[in-house]
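Student: I am new to this structure. Please take me through the sheet and what packs around it, one step at a time.

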Amino acid sequence: MERSPQGPHVLVVEDDPDIRAGIAEALGLERYAVSQAPNGAEGLAAARTGAPDLVLLDLAMPVLDGAGFLAERSSDPTLSRIPVVVLTARGH
């Protein structure tokens, strides 16, 4: 990721508002530009309009879960180039 003057743009897709806010705050303190979405459907919309450099993605979410997000991302040439890091509290 290249650093712009505001830092790279990270999209946080997480349904728990406290976790989402904590991640966003930590990234903001490190000068990353951060956008947020509470589920995979809104995350896809945000990725299409906001062109993030990286997506931090939860797996277990309502509306569209992380697996659904990844499947739709893979079929969209514009989004498929965006790296995704999966973060989850889900056990094995």
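Tutor: We start with the sheet, then go to the helices, the cores and one loop residue. Keep in mind that this is a predicted model.

Begin with the strands. Four of them form an open sheet in the order 2-1-3-4, and their pairing is parallel. The edges are strand 2 (33-37) and strand 4 (84-86), each of which pairs on one side only. Ignoring direction, neighbouring strands of the sheet are turned by 20 degrees against each other on average.

Now look at one pair. Strand 3, residues 54-57, joins strand 4 in the parallel sense over three bridges. Within this pair, Val 55 stands opposite Val 84 of strand 4. Helix 1 (residues 17-29) packs on the sheet. Helix 1 touches strand 1 (9-13), strand 2 and strand 3. Its direction makes about 170 degrees with that of strand 2.

Next, the cores. The largest nonpolar core has 13 residues. Those touching the most other members are Leu 11, Val 13, Leu 44, Val 55, Leu 57, Phe 69 and Leu 79. At least two residues each come from strand 1, helix 2 (40-50) and strand 3. Helix 2 gives the most, with three residues. Apart from this core lies another, of five residues, including Val 10, Val 12, Leu 54 and Leu 56.

Phe 69 deserves its own look. Leaving aside residues up to four places away in sequence, Phe 69 touches Gly 40, Gly 43, Leu 44, Val 55, Leu 57, Leu 64 and Val 84.

Turn to the helix pair. Helix 2 and helix 3 pack at an angle of about 35 degrees. Their axes are 9 Å apart. The crossing of these two helices is right-handed. Helix 2 brings Gly 40, Gly 43, Leu 44 and Arg 48 to the contact, while helix 3 brings Phe 69, Glu 72 and Arg 73. By class, that makes two nonpolar, two polar and three charged residues.

Finish at the loop. Asp 58 is found between strand 3 and helix 3 (66-74). Why does Asp 58 count as buried? Its relative accessible area is 7%, and buried means under 20%. Again leaving aside residues up to four places away in sequence, Asp 58 touches Val 13, Glu 14, Asp 15, Gly 66, Leu 87 and Thr 88.

Key:
Residues numbered from 1 in each chain as written. Predicted model: local features only at pLDDT ≥ 70, side-chain atom pairs only at ≥ 80, totals over all residues. Heavy atoms only, no water. Pairing = 2+ DSSP bridges. Helix = DSSP H or I, 4+ residues; strand = E, 2+ residues; numbered from the N terminus. Axes fitted to C-alpha atoms, helices over the stretch in contact; angles between N-to-C directions. Contact = heavy atoms within 4.5 Å. Buried < 20%, exposed > 50% of the residue type's maximum accessible area, 1.4 Å probe, protein only. Core = buried A, V, L, I, M, F, W, Y, C linked by side-chain atoms within 4.5 Å. Left-handed = near helix turned anticlockwise from the far one by under 90°. Nonpolar A, V, L, I, M, F, W, Y, C, P; charged D, E, K, R; others polar.
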